[in-house]
Amino acid sequence: MSLESTKPPADQEADDYLERRTLRRGSAGWLLLTGLGVAYVVSGDYSGWNFGLAEGGFGGLAIAMVLMGLMYTCMVFALAELSSVLPTAGGGYGFARRALGPWGGFLTGTAILIEYVLAPAAISIFIGDYVESLGLFGLTSGWPVYLACFVIFIGIHLWGVGEALRFSFVVTGIAVAALLVFAVGAFPDFDPSNLDDIPVDGSAFGSSSWLPMGLLGIWAAFPFGMWFFLGVEGVPLAAEETKDPARTLPKAIRWSMGILVILALLTFFASAGARGSDAIQGAGNPLVEALQPDGEATALSRFVNYAGLAGLVASFFSLIYAGSRQLFALSRAGYLPRFLSLTSSRKAPYLGLLVPGAIGFALAAATGDGARMLNVAVFGATISYALISLSHIVLRRREPGLARPYRTPGGVLTSSVALVLACAALVATFLVDVTAAFIALGVYVVAVAYFGLYSRKRLVAKAPEEEFAALAAAEAELERN
């Protein structure tokens with residue numbers, strides 16, 4: 001019997017379909033989810049953000065960081081509300097499905113999937129670079145290291161979600177503790193004159209020592225300001241594996257964002273102030289560079305170097321989790337091939353882990369270009385942020401009476417700020433890496449063609465996101481009558 005939304009299956013057949021596609025419920029509380037939210041992002045504190053200094057200087061990146069921090073803060077408040085209303089594994093896709101219909105759901109889910117498939121691939125390359133620079137086991141950065149990353153950490157995820165989240169929590173704790181130790185070690189060398197020491201481009205409009213690339217440099221630094229927060233929006237993807245998601249998810253999202261803001265400020269000011277913006281703007285390991293003014297390793301710099309590897313592992317590990325849950329939700333509802341949402345005896349979406357992992361490994365091994373893949377991921381992320389923020393606005397306007405255990409402070413004004421800044425960040429990706437933006441756009445077009453020509457007519461009516469949408473439509477019809 002067909003599973004299409006136009007011809008729903010018999011109840012028993014639908015139950016069998018969903019039984020083979022269920023996750024382990026109640027595996028995570030708010031503390032583990034807070035750790036997950038920080039884990040998504042923590043590698044961005046160790047590297048990547050500093051390239052924004054080359055785009056906008058200290059002042060440009062500082063303003064970009066504040067604006068992107070504002071965007072994420074506004075968006076996570078909206079996410080907290082949406083998560084309390086629709087606690088399903090689809091996360092942002094599920095919210096957009098309810099607010100914007102099947103097309104909106106698919107466009108949002110695809111954008112998130114681009115982010116969560118490309119980012120781990122890029123981070124596996126950075127892990128390889130760290131392994132080589134630290135001289136671990138005599139290994140060099142290359143496909144054997146990338147393969148080991150995917151095999152080991154996907155294996156832990158296949159073991160079970162509770163075990164995976166606890167592993168992530170421990171590694172993230174090490175990385176966060178090291179950031180605090182770094183700040184304590186770097187701030188004694190802080191000198192305000194180091195902050196604005198990048199040479200000024202006198203031809204740039206509005207240029208100064210604080211804005212050496214002019215006013216346009218602020219905009220160009222947006223994607224790098226995002227690196228301090230990129231990925232925190234993935235917390236709602238754990239909704240179906242969470243204890244009391246309506247209360248737990250909003251709390252975890254807010255705590256994650258608060259911790260990330262503190263870490264961003266400490267890392268940014270301590271790094272630039274201790275060594276100088278000019279010295280770290282192109283460094284692959286800016287925190288270590290900040291602790292080695294003479295180029296010689298110290299006990300503290302070596303510790304931070306090893307901790308940077310832990311931070312990369314934490315983000316890699318958690319992003320693998322997020323990508324698998326997003327793929328699981330889209331597949332279970334029929335937006336992507338349904339076999340991808342099958343779960344194992346331990347309730348892990350094994351194909352949702354293995355297929356993106358294989359794609360990520362292939363991309364890492366074939367290109368070795370982590371920076372470009374991260375730029376592609378940022379492009380997908382900004383599209384999803386705009387659509388998620390729009391979803392909050394639409395649901396507030398269209399369904400004001402919807403039960404909301406948590407309500408976003410500021411309401412639609414808050415999500416409107418996130419929407420405007422997300423659109424600005426999307427345009428900024430073209431300023432930084434046009435090639436990466438068009439690669440992401442090409443993937444997006446192919447995915448849209450697949451949905452429009454094939455899967456749009458084969459959605460699964462009994463999937464949670466589709467049932468939520470059907471219930472909303474029925475309630476709207478009753479109100480009209």
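Which element gives the most to the lining of the largest cavity? The exercises below work towards this.

The model is predicted, so local features need pLDDT of at least 70 and side-chain atom pairs pLDDT 80 or more, while totals for chains, interfaces and linings use all residues. Residues are numbered from 1 along each chain as its sequence is written, and side-chain values use heavy atoms, without hydrogens and water.

**Exercise 1.** Describe the largest cavity and its lining.

*Solution.*
1. A cavity is a set of points, on a 1 Å grid over the protein atoms alone, where a 1.4 Å probe fits but cannot get out; lining residues have an atom within 4 Å of a point.
2. The count is four cavities of 30 Å³ or more.
3. The largest holds about 180 Å³, a volume being the space filled by probe spheres set on the points, which are joined across faces, edges and corners.
4. Its lining has 16 residues, of which Ser43, Gly44, Ile123, Leu230 and Leu374 are the closest to the centre.
5. Two or more lining residues come from each of α2 (30–41), α3 (43–46), α5 (92–134) and α13 (299–332); helices are DSSP runs (H or I, at least four residues) numbered from the N terminus.
6. α5 gives the most, with four residues.

**Exercise 2.** Describe the second largest cavity.

*Solution.*
1. Its volume is about 50 Å³.
2. Its lining includes Tyr116, Pro120, Ile320, Ser324 and Leu353.
3. α5, α13 and α14 (350–367) each supply at least two lining residues.
4. The most come from α14, with four.

How values were computed: 1 Å grid on protein atoms, 1.4 Å probe; cavity = no way out; pocket = protein on both sides within 12 Å on 5 of 7 lines; lining within 4 Å.
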